[in-house]
Amino acid sequence: MTSYSINDINNILNGELIGHTSQKINGPEQLQNAKNNHITFIGSSKYVKYWEESKACAAIINDNLNIEPGENRALIKVKNADLAMAKILELFNPQAPEFETDIHPTAVIHTTAKIGNGCKIGANCYIGKDVVLGNNVILYPNVCVFDETTIGDNTIAWSGTVIRERCIIGSHCIFHTNVSIGADGFGYRPSDDGRGLVKIPQIGNVVIGHYVEIGANSCVDRAKFSSTIIGDGCKIDNLVQIAHNSIMGRSCIMAGHSGLAGSVTLGDGVIIGGSASIKDHTIIESGATVGAGSGVMNNVKSGQTVLGYPAQEARDMLKQWVAVRRFMKNQ
């Protein structure tokens with residue numbers, strides 16, 4: 001098991017070391033569960049009260065907090081404890097599952113596919129006609145990449161991921177278990193005789209930028225025409241739905257169970273809270289935030305925070321909730 005001294009860790013973080021511990025550190029852990037060989041972190045004053053009872057031998061803390069380390073315990077003060085702990089998590093991150101062979105003999109790879117240097121393709125993967133994989137792409141077992149799709153360097157697709165035909169995927173992306181990219185958009189119209197629904201062909205594709213991460217069981221549907229677009233650096237949680245012809249700018253965040261209906265446009269740096277729903281053809285401008293559980297029916301201006309159903313400016317919504325609560329108490 002890898003272990004580090006408190007000085008080793010402080011050299012990595014370049015923080016302010018307060019106190020000392022002779023205990024070797026074998027990993028990070030949350031305050032309440034930590035043992036004496038763990039380092040923990042405190043990023044907010046509301047967690048300071050747990051430090052004295054915690055068994056952790058060390059903690060990374062924000063530099064605006066005043067805490068006494070205690071006997072044989074140490075604190076490392078940094079500007080941002082969350083970011084510093086991310087470095088420590090990387091330090092103790094276990095190795096990913098290993099491939100005994102770079103391309104498993106059960107993988108089915110079309111003769112026209114182009115496979116870059118250093119690629120690893122797991123058991124029962126399928127690589128279709130004219131697919132192009134860049135260098136160091138990793139496809140874990142049971143991944144399907146259909147015809148004419150391009151995947152950039154260093155992208156990872158975990159088991160169960162399906163990437164449909166003609167999609168364009170950037171480099172350094174991560175697709176977690178059972179991600180669906182490029183399934184048909186949800187397009188139907190009543191038939192002329194009124195006796196059913198006519199399926200509208202979805203002939204576009206999905207274009208995903210670089211450094212995009214998509215959580216397990218999330219779906220990005222192909223466009224009716226042109227492309228559904230996910231911009232560079234977007235981070236998408238589990239169980240998220242992105243419908244046909246939606247466009248996400250750079251570095252957007254979508255939390256779990258949220259969804260974009262068809263042809264929604266997000267600017268750069270938009271944050272969508274968990275279980276929020278965005279109506280079709282809505283525009284959410286750069287830097288806006290949509291609160292968890294909200295239903296967005298109208299466009300949202302740059303930098304605005306909206307909340308509620310139907311969503312409106314957060315402060316106005318909170319005032320309404322307070323007014324309703326007071327009214328109910330007076331009944």
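A residue counts as buried when its relative accessible area is under 20%, and as exposed when that area is over 50%. The exercises below apply to a predicted model.

**Exercise 1.** Determine whether Ser-171 is buried or exposed, and describe its surroundings.

Solution.
- Step 1, location: Ser-171 sits in the loop that connects strand 16 (168–169) with strand 17 (174–175).
- Step 2, accessibility: the relative accessible area of Ser-171 is 14%. The cut-off for burial is under 20%, so Ser-171 is buried.
- Step 3, contacts: setting aside residues up to four places away in sequence, Ser-171 touches Gly-152, Asp-153, Thr-155, Gly-209, His-210 and Tyr-211.

**Exercise 2.** Carry out the same analysis for Phe-225: is it buried or exposed?

Solution.
- Step 1, location: the loop between strand 23 (219–221) and strand 24 (227–230) holds Phe-225.
- Step 2, accessibility: a relative accessible area of 52% makes Phe-225 exposed, since the cut-off is over 50%.
- Step 3, contacts: Phe-225 touches Ile-203, Gly-204 and Asn-245, when residues up to four places away in sequence are not counted.
- Step 4, a distance: from C-alpha to C-alpha, Phe-225 and Met-297 are 24 Å apart, with a sequence separation of 72 residues.

**Exercise 3.** Describe how helix 1 and helix 2 pack.

Solution.
- Step 1, descriptors: a pair of packed helices is described by the angle between the axes and the distance between them.
- Step 2, values: helix 1 (residues 6–13) and helix 2 (residues 81–91) pack at about 120°, and their axes are 10 Å apart.
- Step 3, class: this angle makes helix 1 oblique to helix 2.
- Step 4, handedness: the two helices, helix 1 and helix 2, cross in a right-handed sense.
- Step 5, contact residues: helix 1 contributes Ile-9, Ile-12 and Leu-13, which meet Ala-84, Lys-87, Ile-88 and Leu-91 of helix 2. By class, the contact has six nonpolar, no polar and one charged residues.

**Exercise 4.** Identify which residues have the most contacts inside the largest nonpolar core, and examine Phe-175.

Solution.
- Step 1, the core: the largest nonpolar core has 48 residues, and those with the most contacts inside it are Leu-139, Phe-175, Ile-208, Met-248 and Ile-284.
- Step 2, Phe-175: beyond its neighbours within four places in sequence, Phe-175 is in contact with residues including Trp-158, Ile-163, Ile-169, Ile-181, Ile-208 and Ile-214.
- Step 3, the other core: a second, separate core of 17 residues includes Tyr-4, Ile-6, Leu-13 and Ala-58. Leu-13 is also one of the helix 1 residues that meet helix 2.

How values were computed:
Residues are numbered from 1 along each chain as its sequence is written. This is a predicted model: local features need pLDDT of at least 70, side-chain atom pairs count only at pLDDT 80 or more; totals for chains, interfaces and linings use all residues. Side-chain values use heavy atoms; hydrogens and water are left out. Axes are lines fitted to C-alpha atoms, for helices over the stretch in contact, and angles run from 0 to 180 degrees between N-to-C directions. Helices (H or I, at least four residues) and strands (E, at least two) are DSSP runs, numbered from the N terminus. Angles under 35 degrees count as roughly parallel, over 145 as roughly antiparallel, 65 to 115 as roughly perpendicular and the rest as oblique. A crossing is left-handed if the near helix is turned anticlockwise from the far one by less than a right angle, and right-handed if clockwise. Contact means heavy atoms within 4.5 Å. Ala, Val, Leu, Ile, Met, Phe, Trp, Tyr, Cys and Pro count as nonpolar, Asp, Glu, Lys and Arg as charged, and the others, Gly among them, as polar. Buried means under 20% relative accessible area, exposed over 50%, partly exposed in between (1.4 Å probe, protein chains only). A nonpolar core is a set of buried Ala, Val, Leu, Ile, Met, Phe, Trp, Tyr and Cys residues joined through side-chain atoms within 4.5 Å.
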